[in-house]
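Student: Could you take me through one part of this fold at close range, starting from a single piece of it and working outwards? I would like to see how it is packed in and what its surroundings connect to.

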Amino acid sequence: MPLRLLICSDSPAATSGYSIQVRHAARMWRDLGHTVAICATFGHHGSVGEWDGFKMYPGGLDGFGNDAIGPAARDFKADLVVTLKDVWVYRPQEWGQGVRWLPMVPVDHDPLPQGIASILRSAPAYGTIAYSPHGRDNLADAGFAPFFAPHCYDPAVMFPEDRAAARAALGIPDDTFVVGMVAVNRGGIPSRKAWPQNLEGFALFAREHPQARLLLHTYTGEEGHEQAVNLPVLADQLGITDRIAFVDQAAYKHGLPDAHMRRFYSAIDLLNAVSLGEGFGVPTLEAQACGTPVLVGDWCAQRDLCFGGAALPPEDALRFYDGQGAYVYVPHPQAIAGALHVLAGELAAGRAAISHKAQEGARRYEYSRVREDWRAVLGALEDRLRSEVTRGVVRIVHPASVFCDASDSWAAEVAR
């Protein structure tokens, strides 16, 4: 039986990494014959709308939609509610009766944090979806039996552009060695994307490479939103102000198109994606799909996504036990600098071979291949639901549901 699936995450019309994966998942599930709606807990508010033929429910007053998910699920008569955000932001006990929760679980620590395991057991979740091999293994080690369906990219969108043309479009001289970064700049101690360590590592590398530049696709942090690192101030302290550049901040805040990101990846020499830990790492995948090698940490999900480039071993990082009750890895700047130096030499000796390895490894995560992973997952869930006595979610009828249309009945329940 086809499923009715409600996916809850960022709006597919927005430009976040979550938005991109919501677009892919919703279309895949529709391709496979299921009925899909979206609850956009970021990027869409105020009324029920539509995106690409999908009904799109707005987020509520809660930043992660805990006040909107239950009413949306009942209005849509969802068989399953699939969430794509950190598990700890959700309070499924507040969603009301009959909601079957199927979280896509990011695991960016090692091992799975005990708090995450407790939430999944106490809800309880109807099942779990791992979207990296690391996450799958850590969930299994914690006693879960996760389904597996990784994130993906669209090869019609992410592919190598002519490098010279891409550089000319971005104003990058041919003789410049460009390290790129695509990462959120948001608070946390230590910085989750290791901004201080990465900038210091580049500064050490740049001392020996006069033509090196750092191109950052991120928020500068100058306005102090969300306790971001003030990257221009940090660059000044490190003496690399003349070595770094940012994407246009106005365009960044409003979202840059896929074509820009493809050009960005194609123009840089390598992507530095070393962080404390990743649940997946979409930029790492996209860069390699465009033929650009990467530098990552050989820990958490990033170790699964390095096909062309290099991975810092855990010995080159400080193993740090953070507030979630598990370990992340804070990279040493000297190790980052050394890895950049080695990669620069390898690229000078033979860029084509490294680029080929990057592209070939990324192909496992093409849209069409990951759609087959979802075919298996959703088929198993169909079988499970078919064996149950009842189908769908329990719908409690309120007077507003009798006298209003579907969108109004949803609004009436949210307003209760």
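Tutor: Happy to! Let's start at helix α10: in this predicted model, the buried residues of α10 are covered by parts that include α1 (17–31), α9 (258–267), β12, β13 (294–297) and α11 (333–362). The helix itself spans residues 282–289, and 7 of its 8 residues are buried. By name, those buried positions are V282, T284, L285, E286, A287, Q288 and A289. It helps to recall that an α-helix has 3.6 residues a turn, so residues three or four places apart point the same way. Just beyond the end of α10, G291 adopts a positive phi of about 85 degrees.

From here we can follow one of the covering elements, β12, into its sheet. Strand β12 covers residues 270–272 and pairs with β9 in the parallel sense, over 2 bridges. One contact to look for in the viewer is L270 of β12, the bridge partner of V179.

Now turn to β9 itself, which is mostly covered: 6 of its 6 residues are buried. Its side chains go two ways, with F177, V179 and M181 pointing to one side and V178, G180 and V182 to the other, and all of them are buried. Besides β12, β9 has β10 (residues 212–217) as a parallel partner, joined to it by 6 bridges. Within that pairing, V178 stands opposite R213. As background, strands of a sheet pair through backbone hydrogen bonds, either parallel or antiparallel. Taken with α6, the strands β9 and β10 form a β-α-β unit, and its handedness is right-handed.

The aromatic side chains add another link within that unit. The structure holds 13 aromatic pairs, and one of them joins F177 to F205: the ring centres are 5.9 Å apart and the planes meet at 55 degrees, so the pair is tilted. F177 belongs to β9 (residues 177–182) and F205 to helix α6 (residues 195–208), so this pair links distant parts of the chain, 28 residues apart. Both rings are well shielded by the 20% cut-off for burial: F177 has a relative accessible area of 14% and is buried, while F205 counts as buried at 2%.

For contrast, set another pair beside that one. The rings of Y90 and W95 have centres 6.1 Å apart and planes at 80 degrees, so they meet edge-to-face. Y90 and W95 are both buried as well. Elsewhere, ring pairs connect Y131, F280, F307 and Y365 into a cluster. Charged groups meet rings too: the charged end of R319 sits over the ring of Y327, 3.6 Å from its centre, and that of R384 sits over the ring of Y126, at 5.1 Å from the centre.

To finish the walk outwards, there is an open sheet of 8 strands with mixed pairing, in the order β3-β4-β2-β1-β5-β6-β7-β8. Its edge strands, β3 (49–51) and β8 (147–148), each pair on one side only. Inside that order, β2 (residues 35–45) and β4 (residues 54–59) run parallel and share 5 bridges, with H45 partnered by G59 of β4. Helix α2 (residues 69–76) lies across β1 (4–10), β2, β4 and β5 (80–84), and runs at about 155 degrees to β1.

Note on methods. Residues numbered from 1 in each chain as written. Predicted model: local features only at pLDDT ≥ 70, side-chain atom pairs only at ≥ 80, totals over all residues. Heavy atoms only, no water. Phe/Tyr/Trp six-rings, centres within 6.5 Å; stacked < 30°, edge-to-face > 60°. Buried < 20%, exposed > 50% of the residue type's maximum accessible area, 1.4 Å probe, protein only. Helix = DSSP H or I, 4+ residues; strand = E, 2+ residues; numbered from the N terminus. Lys NZ or Arg CZ within 6 Å of the ring centre and 35° of its normal. Pairing = 2+ DSSP bridges. Right-handed = clockwise from strand over helix to strand, strands pointing away. Contact = heavy atoms within 4.5 Å. Axes fitted to C-alpha atoms, helices over the stretch in contact; angles between N-to-C directions.
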